[in-house]
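User: I've got a model open on my screen and would like to talk it through. Could you take a few questions about it?

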Amino acid sequence: QVQLVESGGGLVQAGDSLRLSCAASGRTISNYAMGWFRQAPGKEREFVAAISRSGGAGHADSVKGRFTIARDYAKNTVYLQMNSLKPEDTAVYYCAAKSAHFSYSIVYTNSRDYDYWGQGTQVTVSS
């Protein structure tokens, strides 16, 4: 199985940027579709961005044009570049992995599809 550890969260002001990292161990991420989700206090976990094994990506409408997901096979790491942050982006951000041996090009946006999760990293955006 794969273990995921997120990092890069913090307290920033509106308009700032952050880059979250999700370091994987135990397995190579080349066999996994990867995703980022977030959960704000009192709200359900929601999709942020995902990337297929082939590199195709999808982003939630709320972050499109501001956030970008990317993967680095050499470092076995997935990133979430977050620009123009807004207070409503405040949440715990989770990285997730889904075994995708037979689904090379699918971008998974439903959290129930994912098999492995990290512990989360807090992002707080002040106004």
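User: Let's start with two tyrosines. Are Tyr 108 and Tyr 114 buried or exposed?

Analyst: Keep in mind that this is a predicted model. The cut-off for calling a residue buried is under 20% relative accessible area. Tyr 108 falls in that class, and Tyr 114 does too, so the word for both is buried.

User: How many aromatic pairs are there in the whole structure, and what kind of pair do Tyr 108 and Tyr 114 make?

Analyst: Searching the whole structure turns up six aromatic pairs. For Tyr 108 and Tyr 114, the ring centres are 6.5 Å apart and the planes meet at 80°. Planes over 60 degrees apart count as edge-to-face. With 80° between the planes, the pair is therefore edge-to-face.

User: Which residues do ring pairs link into a cluster with those two?

Analyst: Tyr 108 and Tyr 114 are both members of a cluster linked by ring pairs. Tyr 108 also has the charged end of Lys 98 over its ring, 5.1 Å from the centre. Besides the two tyrosines, the cluster holds Phe 37, Phe 47 and Trp 117.

User: Which ring does Arg 45 lie over, and at what distance from the ring centre?

Analyst: For an arginine, the test is that CZ is within 6 Å of the ring centre and within 35 degrees of the ring normal. Arg 45 lies over the face of Tyr 94, and its distance from that ring centre is 3.9 Å.

User: Moving to the core: which residues have the most contacts inside the largest nonpolar core?

Analyst: That core has 36 residues. Strands S3 (18–25), S4 (32–39), S5 (46–51), S7 (67–72), S8 (77–82), S9 (91–99) and S11 (121–126) each give it at least two residues. The ones with the most contacts inside the core are Met 34, Trp 36, Leu 80, Met 82 and Tyr 93.

User: Leu 80 is on that list. What is its bridge partner in S7?

Analyst: Leave aside residues up to four places away in sequence, and Leu 80 touches several others, including Trp 36, Val 48, Phe 67, Ile 69 and Tyr 93. S7 and S8 pair in the antiparallel sense over six bridges. In that pairing, Leu 80 of S8 has as its partner Ile 69.

User: Which strands are the edges of the sheet that holds S7 and S8?

Analyst: The sheet is open, with four antiparallel strands in the order S1-S3-S8-S7. From one strand to the next, the twist averages 15°. An edge strand here pairs on one side only, and that describes S1 (3–7) and S7.

User: Which side chains of S7 are on the covered face?

Analyst: In a regular strand, side chains alternate between the two faces of the sheet. On S7, Thr 68, Ala 70 and Asp 72 make up the uncovered face. Asp 72 stands opposite Thr 77 in S8. The covered face has Phe 67, Ile 69 and Arg 71.

User: What's the phi of the residue with a positive value in the S7–S8 turn?

Analyst: S7 and S8 form a hairpin with four residues between them, and Asn 76 is in the turn. Asn 76 is also at 14% relative accessibility, so it counts as buried. Its phi is positive even though the residue is not a glycine, with a value near 55°.

User: How accessible is Ser 84, which also has a positive phi?

Analyst: Ser 84 is in the loop between S8 and S9. Its phi is near 50°, again positive in a residue other than glycine. Partly exposed is the class for Ser 84, because its relative accessible area is 41%.

User: And how far apart are the C-alpha atoms of Ser 62 and Asp 89?

Analyst: Ser 62 is in the loop between S6 (57–59) and S7, and counts as partly exposed at 42% relative accessibility. Along the chain, Ser 62 and Asp 89 are 27 residues apart. In space, their C-alpha atoms are separated by 9.1 Å.

User: Last one: which residue of S11 is the bridge partner of Tyr 93?

Analyst: S11 pairs with S2 (10–13) in the parallel sense over four bridges, and with S9 in the antiparallel sense over three. Along S11, Thr 121, Val 123 and Val 125 point to one face and are buried, while Gln 122, Thr 124 and Ser 126 point to the other and are not. Val 123 is the bridge partner of Gly 10, whereas the partner of Tyr 93 is Thr 121.

How values were computed: Residues numbered from 1 in each chain as written. Predicted model: local features only at pLDDT ≥ 70, side-chain atom pairs only at ≥ 80, totals over all residues. Heavy atoms only, no water. Phe/Tyr/Trp six-rings, centres within 6.5 Å; stacked < 30°, edge-to-face > 60°. Buried < 20%, exposed > 50% of the residue type's maximum accessible area, 1.4 Å probe, protein only. Core = buried A, V, L, I, M, F, W, Y, C linked by side-chain atoms within 4.5 Å. Contact = heavy atoms within 4.5 Å. Pairing = 2+ DSSP bridges. Axes fitted to C-alpha atoms, helices over the stretch in contact; angles between N-to-C directions.
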